Amino acid sequence: MAEEAASQTFEGASAGASLTFPMQCSALRKNGHVVIKGRPCKIVDMSTSKTGKHGHAKVHLVAVDIFNGKKLEDLSPSTHNMDVPNITRTEYTLLNIDDGFLNLIDQNGTAKDDVKVPEGEIGDTIQTLFDDGKEVLVTVVAAMGEEHALAAKEAPQGGK
């Protein structure tokens, strides 16, 4: 009985992996990522200001939400930790568009049917390429439990 419990296997590290990890404010960089007001963001501008002789240096962050494009700002002491989102980018091949959702498949043959067709220009591009009968590669970005299709392009044609 004890041997059975000792031989358990766990598939994949993502099951218990954290959505974010801490990083000291002074170690953050422009074009890096940070969590501001609970949203995963890309840092577009940052500046450090020295305060009085008893204060801490402060870091002013200006960032854009990676999913909805909204601009967010935060001011934090440079010695404090901030959360940085774990972000994964995966490229999928589009199989079909069904009721506002993309039917995707990755390079390993794993199907994915829970990504919505994005609003705006990217969604229009996906629909146009699909309607034209082209093979479409869709880049899906996942962070903090959210997934969105953030890019699409025509698949390169192999000259075999």
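Among contacts in the protein between residues at least 6 apart in sequence, what percentage join residues at least 24 apart? The answer is 49%, where a contact means heavy atoms within 4.5 Å. Hello everyone, and let's walk through the rest together.

A word on the ground rules. This is a predicted model, in which local features need a pLDDT of at least 70 and side-chain atom pairs count only at pLDDT 80 or more, while totals for chains, interfaces and linings use all residues. Residues are numbered from 1 along each chain as its sequence is written, and side-chain values use heavy atoms, with hydrogens and water left out.

Let's start with confidence. pLDDT is the predictor's confidence in each residue, from 0 to 100. The protein averages 86, and 88% of the residues score at least 70. Where is confidence lowest, and where is it highest? The low is in helix α1, residues 2-6, with a mean of 46, and the high is in β2, at 95. Please be careful with residues 1-16: pLDDT stays under 50 there, and the model has zero contacts for them beyond four places in sequence.

Now the overall layout. The protein has two helices and 11 strands. Helices (H or I, at least four residues) and strands (E, at least two) are DSSP runs, numbered from the N terminus. Reading from the N terminus, the elements go α-β-β-β-β-β-β-β-β-β-α-β-β. Of the 160 residues, 29% are buried. Here buried means under 20% relative accessible area, exposed means over 50%, and partly exposed is in between, with a 1.4 Å probe and protein chains only.

Next, please look at the sheet. Four strands make an open sheet in the order β2-β3-β4-β5, with antiparallel pairing. Its edge strands are β2 (33-36) and β5 (71-77), each pairing on one side only. From one strand to the next, the twist averages 45°. Two strands pair if DSSP finds at least two bridges between them, and the twist angle comes from axes that are lines fitted to C-alpha atoms, for helices over the stretch in contact, with angles from 0 to 180 degrees between N-to-C directions.

How many bridges join β4 to β5? There are seven, and β4 (residues 58-65) runs antiparallel to β5. Val64 has Lys71 in β5 as its bridge partner, and Val59 stands opposite Ser76 in β5. The two strands form a hairpin with five residues between them, and Gly69 in the turn has a positive phi of about 75°. As a general reminder, side chains in a regular strand alternate between the two faces of the sheet.

Just past that hairpin we can visit Ser78, in the loop between β5 and β6 (81-85). Is Ser78 buried or exposed? Ser78 counts as buried because its relative accessible area is 12%. Leaving aside neighbours within four places in sequence, Ser78 is in contact with Gln24, Cys25, Ser26, Ala57, Lys58 and Val59.

That brings us to the cysteines. Cys25 is buried, at a relative accessible area of 0%, and Cys41 is buried with a value of 0%. A search of the whole structure finds zero disulfides, a disulfide being a pair of cysteine sulfur atoms within 2.5 Å.

Here is a residue on the outside. Arg29 lies in the loop between β1 (20-24) and β2, and counts as exposed because its relative accessibility is 55%. Not counting residues up to four places away in sequence, Arg29 touches Ile43 and Met46. C-alpha to C-alpha, Arg29 and Lys42 are 9.8 Å apart in space and 13 residues apart in sequence. A polar atom of the Arg29 side chain lies 3.1 Å from the backbone oxygen of Ser26.

Further along, Met144 sits in the loop between β10 (136-143) and β11 (146-154). Met144 is partly exposed, with a relative accessible area of 25%. Met144 and Val35 are 109 residues apart in sequence, yet 9.5 Å apart in space, C-alpha to C-alpha. Beyond neighbours within four places in sequence, the contacts of Met144 include Leu19, Val35, Pro40 and Pro85.

Our last stop is Asn103, in strand β8 (residues 101-105). Asn103 is buried, at a relative accessible area of 17%. Past four places in sequence, its contacts include Thr93, Leu95, Asp98 and Lys112.

Thanks for listening!

Conventions: A polar contact is a pair of N or O atoms within 3.5 Å; within protein, one must be able to donate a hydrogen and the other to accept it, and residues adjacent in sequence count only if both atoms are side-chain atoms.
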